[in-house]
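Open your viewer, and let us walk through this model together. At each stop you will get something to select, followed by a short account of what is there.

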Amino acid sequence: MRSTNGLAGRRVRRRRRAVLAALAALAAGSLSACGESGKPVLNWYVNPDGVDTFEKYAKQCSTGDYDIEVQLLPNGATDQRTQLARRLAAEDSSTDLMNLDPVFVAEFANAGWLQQVEGDLADTITGSVQGDGDYLKGAAETVTWDDKVYAIPLWANTQVLWYRKSLAQAAGLDMTKPVTWDQVIQAAADNGGTVGVQANKYEAYVVWINALVQGAGGDIVSDTEAGRDAKVDIDSEAGRKAAEVIKELADSKAAQPDLTVSNEGTSLGQMFPADGAGEFMVNWTFVYKNYEGLVGGDITEQQFADLGWARYPATVAGETSKPPIGGIDIGVGAYSDHPDFAMEAARCITSEQAQVDLALDNGLMPSTNAAYDKVVASGDYPADLIELFRTSVDEGGPRPKSAFYAMISGALQAKWHSPTSVDPGSTPKDSATYLEDVLEGKSLL
């Protein structure tokens, strides 16, 4: 929110903008508006996943009018947001294209930092939200804000339950039917296995909490259009059910030794340990290609054949689970010196073929049904796995869509970490009180 306290306020804002602009200029380093050819250069800020494919499409989507250059963002989603927000708040004209975690779109759009997507593409995306378009519904919903479209879905990520078939068989679990977190934790604990999650103090831990809460029929917050006046709902039966799952795992023999600092990468090595039964693990779509690439080196063909997959575990028996929805959306900076070129480039780098290449080369699944069909036809993935990904995105649960999402996430991390300290009797209540105070400006993160 901008201050409206008269002339003094305007002077402060001008000084602040000048300082931020100077910082952005320093951070930009050697970034320039024109390349060696004399053509305008569009800077595309990308996350570290799929960089080889991004580099390829930066070249393919460059034209006689402009060149596209890839600029690498930090590894973590929180750090990515911070860097982009600083640039955009300083009205940086060199931030032309950017890879956005879906939860950034509402915040950036509300701040006026993103160029609106219009025309036929916007119509297709909004139609997809209603189930009448080529984009997966879950992906299309991530780029809309205030009934407008502010980004273009590139890939649509989701989590599934990866597991060793031999471990599930030893536990007597029928993985063709829905399984609960309680079943998975007990099966691993009773049969020498572990359960892999993301529980470090970072965004992916909030992804897990959100999925558990939604899987129990609740929400972290609701009425998010009200901004700071959103209704905080986590102090609920659903919040307590989520806390029960986290506590059960933390207290279980199935907990991995690095639970409190675990992330997407750390749990991968527990699937095929030197000795042990392996694991059940919730993780993103890249996992299949990751393990496939290890065959003949770190793992054998026989081990890879023992890899299974199933829908995300249910929080409550009999309730349908809500798999997390993630991915990457492409936004165009509102202050770009070349907004028309940048929007044209955004359409090119989110093309159907680009989505197919990201899936086949990097394990990052498409945001459109047409691209999904091509991935299935390629034969590079088991057909049932591809359909599991697609169904999980369409039926999954997004994180809260709020202009104040960074506050929501930070407040949850502060009260729910570490997982070993989670108490169903107090954590949901304490986090609700703290989140309300943060949104109202009574407490700072």
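Start by selecting the side chains of Q159 and Q198, which are joined by a polar contact of 3.0 Å. Bear in mind as you look that this is a predicted model.

**Around Q159**

Stay on Q159 and colour its strand, β6, which covers residues 152-164. Is Q159 buried or exposed? Its relative accessible area is 2%, so Q159 counts as buried, the cut-off being under 20%. Now show what surrounds it: beyond its neighbours within four places in sequence, Q159 is in contact with Q198, V207, V282, N283, W284, Y312, P323, P324 and S392. If you like distances, draw one from the C-alpha of Q159 to that of M281: the two are 9.6 Å apart in space, with their positions 122 residues apart in sequence.

**Strands beside β6**

Next select residues 279-284, strand β10. Six of its six residues are buried, so β10 is largely enclosed by the rest of the structure. Strands β6 and β10 run antiparallel and are joined by five bridges; look for W162, whose bridge partner in β10 is M281.

Which residue of β10 is the bridge partner of G196? Here too you will find M281. Strand β7, residues 194-196, pairs with β10 in the parallel sense, over three bridges.

Now add strand β11, residues 307-310. Its two faces are both covered, with L307 and W309 buried on one side and G308 and A310 buried on the other. Four bridges join β11 to β6, and this pair runs antiparallel. To find one of the pairings, select R164 and its bridge partner in β11, L307.

**A glutamine in a helix**

Move on to Q214, in helix α9, which spans residues 203-215. With a relative accessible area of 14%, Q214 is buried. Show D219, K322, G397 and P398 as sticks: Q214 touches these, leaving out residues up to four places away in sequence.

**The nonpolar cores**

Zoom out and select W44, L97, F108, W208, F280 and W416. Within the largest nonpolar core, which has 106 residues, these touch the most other members. This core draws at least three residues from each of domain 1 and domain 2.

Pick L97 for a closer look. Setting aside neighbours within four places in sequence, its contacts include L42, W44, I68, I330, V332, A342 and I349. Apart from this core lies another, of 28 residues; A156, Y288, I299 and L388 are among them.

**The two domains**

Colour the chain by domain: domain 1 takes residues 41-157 and 324-394, and domain 2 takes 158-323 and 400-439. How many residues does each domain bring to the contact? Domain 1 supplies 30 residues and domain 2 supplies 24. Over C-alpha atoms, the centres of the two domains are separated by 25 Å.

**Confidence**

For the last stop, colour by pLDDT. The chain has a mean of 92, and 92% of its residues reach 70 or more. Then select residues 1-30, where pLDDT stays under 50 and the model has 13 contacts beyond four places in sequence. Predicted coordinates should not be read in detail where pLDDT is low.

Conventions:
Residues are numbered from 1 along each chain as its sequence is written. This is a predicted model: local features need pLDDT of at least 70, side-chain atom pairs count only at pLDDT 80 or more; totals for chains, interfaces and linings use all residues. Side-chain values use heavy atoms; hydrogens and water are left out. Buried means under 20% relative accessible area, exposed over 50%, partly exposed in between (1.4 Å probe, protein chains only). Contact means heavy atoms within 4.5 Å. A polar contact is a pair of N or O atoms within 3.5 Å; within protein, one must be able to donate a hydrogen and the other to accept it, and residues adjacent in sequence count only if both atoms are side-chain atoms. A nonpolar core is a set of buried Ala, Val, Leu, Ile, Met, Phe, Trp, Tyr and Cys residues joined through side-chain atoms within 4.5 Å. Domain bounds come from an automatic or database domain assignment. pLDDT is the predictor's confidence in each residue, from 0 to 100. Two strands pair if DSSP finds at least two bridges between them.
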